[in-house]
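User: I would like to go through this model by question and answer. Please keep each reply brisk and end it on the result.

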Amino acid sequence: MPEAASVDTQQLLIDFAYLATGICFILGLRYMNTPKTARLGNNISILGMVIALVATGFNLDWSAAWWVALIGLGAGAAVGIYAARAVKMTAMPQMVAIFNGAGGGAAAMVASAEFLKQLGPDGNAIPIDAGITSVLTAIIGAISFTGSIIAFLKLQELMTGRPIVYPGQQVVNGLLALISIAGLVLVALNIETVPAFFIAIASAAILGVLFVLPIGGADMPVIISLLNSFTGLAAALTGFALGNNVLIISGALVGASGTLLTLMMGKAMNRSVTNVLFGAFGSVKTAEGGGPAHAGSGVVRESSVDDVATMLSYARQVIVVPGYGMAVAQAQHSVRELADQLEKKGVEVKYAIHPVAGRMPGHMNVLLAEANVPYPALFDMDDINPEFPRTDVALIIGANDVTNPDARTNASSPIYGMPILDVDKANQVVVLKRSMKPGFAGIDNPLYELSNTSMLFGDAKASIDKLVGAVKQL
């Protein structure tokens with residue numbers, strides 16, 4: 001009796017630890033709402049994960065193959081620490097994608113192990129609740145795993161970032177989804193259980209690949225958040241399969257927050273939920289009547305550092321529009337220094353943040369927070385757009401697709417209908433780019449040919465550092 005009571009007490013303590021973990025994760029998400037408290041939120045989340053790992057350790061049977069668990073923990077910790085320290089900010093989206101895929105793959109593997117464990121003596125029968133939960137977890141985890149791998153390859157530019165489409169694409173995707181569902185039904189009915197289970201996983205894995213292939217580079221923040229929600233859902237279902245409360249809580253948090261972020265990204269891209277879930281990412285719309293693509297002059301004007309410095313120094317308001325080019329050049333600290341110099345001259349400096357600028361949600365916010373840019377100076381698209389008509393200079397640092405006027409005027413453009421930053425309405429527009437190469441969406445930007453736009457070519461950090469020096473001399 002005392003021994004049973006001891007076991008009950010231990011389980012109660014583990015449940016309390018898991019509850020504390022859930023609270024830490026919720027608080028972590030809450031504090032990560034703003035750059036000012038994001039570091040605190042991250043530390044609270046880390047504390048929650050440590051509590052969960054320690055509590056789970058007390059819940060394991062260490063009498064068998066304990067060394068396997070220790071090797072796994074050590075290897076995982078080593079990879080995580082190395083990746084976090086070695087990854088550049090420009091490669092952060094790729095790391096998010098690959099780690100998210102690892103989470104989905106882990107969920108699928110755990111579900112497969114639990115499925116095989118639950119099989120009856122005849123190797124076919126399995127309790128219906130365990131069967132359905134295991135198959136659902138494996139399906140969603142497999143989609144997340146392979147989809148995240150393709151997202152990684154696109155972000156790393158190991159394959160083209162442009163949409164890869166083919167005839168009958170939606171039909172093929174629909175058939176693969178039906179095969180996975182059929183596998184789920186067969187497992188629930190205990191009909192050819194094992195073959196049905198692995199056929200469902202295989203079709204889901206293929207679906208994950210084909211699901212992401214037609215997604216263009218400009219839409220990558222949407223798919224990253226969507227795949228993240230898939231992984232969260234897979235983790236929550238794994239919790240149900242294993243009877244593990246902390247997996248249910250954390251998976252539900254990731255799934256819910258990822259879904260909400262997907263809806264927000266979809267709104268920012270002017271895409272419906274149906275469009276986000278079932279394809280058409282980056283698909284090209286044909287203009288009715290074949291109107292002109294844009295009203296550009298066909299001439300690109302290049303400015304010198306001194307000209308741009310003079311323009312900035314005598315402005316009343318400057319809006320900085322950061323993009324992936326700033327991340328590549330690691331120019332955020334130089335941007336902050338330039339803003340400081342302009343503010344000393346009485347210039348008001350604001351930052352325009354498009355929801356999908358960069359390669360992942362919040363990419364620009366993270367970079368600017370790293371440079372200690374005051375959070376009140378950062379403005380969302382809806383708040384900053386009315387400011388452009390009364391802005392003297394819009395300084396664009398590598399933000400290609402989110403400033404493309406074709407999104408408003410050219411119905412044949414892949415980004416037509418996407419809300420953009422109205423930089424073309426500023427009195428003067430200065431674009432910092434290495435070359436005239438298109439952005440990640442692979443389309444030209446007529447903004448560069450407008451009469452009020454001038455180009456400053458070169459590495460963004462080097463150009464801004466020169467601007468800082470020139471502004472100081474004025």
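User: Is Glu-387 buried or exposed?
Analyst: The model is predicted. The relative accessible area of Glu-387 is 14%. Buried means under 20%, so Glu-387 counts as buried.

User: Which residue forms a salt bridge with Glu-387, the closest N and O atoms being 2.8 Å apart?
Analyst: Side chains of opposite charge can pair when their charged atoms come close. The partner here has 53% relative accessibility, and the cut-off for exposed is over 50%, so it counts as exposed. That partner is Arg-390.

User: How many salt bridges does a search of the whole structure find?
Analyst: The pair Arg-390 and Glu-387 is one salt bridge. Another joins Lys-472 and Glu-337. The search of the whole structure finds 11.

User: How many residues apart in sequence are the parts tied together by Lys-472 and Glu-337?
Analyst: The closest N and O atoms of this salt bridge are 3.8 Å apart. Lys-472 is partly exposed at 48% relative accessibility, and Glu-337 is partly exposed at 33%. Lys-472 lies in helix 17 and Glu-337 in helix 13, so the pair ties together parts separated in sequence by 135 residues.

User: In which helix do both Asp-465 and Lys-461 lie?
Analyst: Their side chains meet in a salt bridge, 3.1 Å from N to O. Asp-465 is partly exposed at 31% relative accessibility, and Lys-461 is partly exposed at 33%. The two are 4 residues apart, about one turn, and both lie in helix 17.

User: Which residues are joined into one network by salt bridges that share partners?
Analyst: Glu-387 and Arg-390 pair in a salt bridge. Both belong to the network, which joins Glu-348, Lys-350, Glu-387 and Arg-390.

User: Which helix gives the most to the largest nonpolar core?
Analyst: That core has 39 residues. Those touching the most other members are Leu-312, Met-326, Leu-338, Tyr-351 and Ile-464. With 6 residues, the top contributor is helix 17.

User: How many residues are in the other core, which lies apart from the largest one?
Analyst: Nonpolar side chains tend to be buried together in soluble globular proteins. Among the members of the other core are Ala-111, Leu-119, Ile-126 and Val-135. Its count is 37 residues.

User: Which residues does Ile-464 touch, not counting residues up to four places away in sequence?
Analyst: Ile-464 is among the residues that touch the most other members of the largest nonpolar core. Leaving out residues up to four places away in sequence, its contacts are Ala-331, Ser-334, Val-335, Leu-338, Ile-397 and Leu-432.

User: Why are the buried residues of helix 11 on the same side?
Analyst: Val-308, Ala-309, Leu-312 and Ser-313 are buried in helix 11, residues 305–313. Strand 1, helix 13, strand 4, strand 5, strand 6 and helix 17 are included in what covers them. They lie on the same side of helix 11 because their arc around the axis is only 130 degrees.

User: Which helix gives the most to the nonpolar patch on the surface?
Analyst: Met-49, Leu-53, Trp-66, Trp-67, Val-68, Leu-70, Ile-71 and Leu-73 form the patch, with about 820 Å² of accessible area together. Helix 2 and helix 3 each supply at least two of its residues. Met-49 is in helix 2. With 6 residues, the main contributor is helix 3.

Definitions and conventions: Residues are numbered from 1 along each chain as its sequence is written. This is a predicted model: local features need pLDDT of at least 70, side-chain atom pairs count only at pLDDT 80 or more; totals for chains, interfaces and linings use all residues. Side-chain values use heavy atoms; hydrogens and water are left out. Patches are made of residues with over 30% relative accessible area and no salt bridge: like charges are joined within 9 Å, nonpolar side chains (Val, Leu, Ile, Met, Phe, Trp, Tyr) within 5 Å. Accessible areas come from the Shrake-Rupley method with a 1.4 Å probe; for residues, only the protein chains shown count as cover. A salt bridge is a side-chain nitrogen of Lys or Arg within 4 Å of a carboxyl oxygen of Asp or Glu. Buried means under 20% relative accessible area, exposed over 50%, partly exposed in between (1.4 Å probe, protein chains only). The arc is that of the directions from the helix axis to the C-beta atoms. Contact means heavy atoms within 4.5 Å. A nonpolar core is a set of buried Ala, Val, Leu, Ile, Met, Phe, Trp, Tyr and Cys residues joined through side-chain atoms within 4.5 Å.
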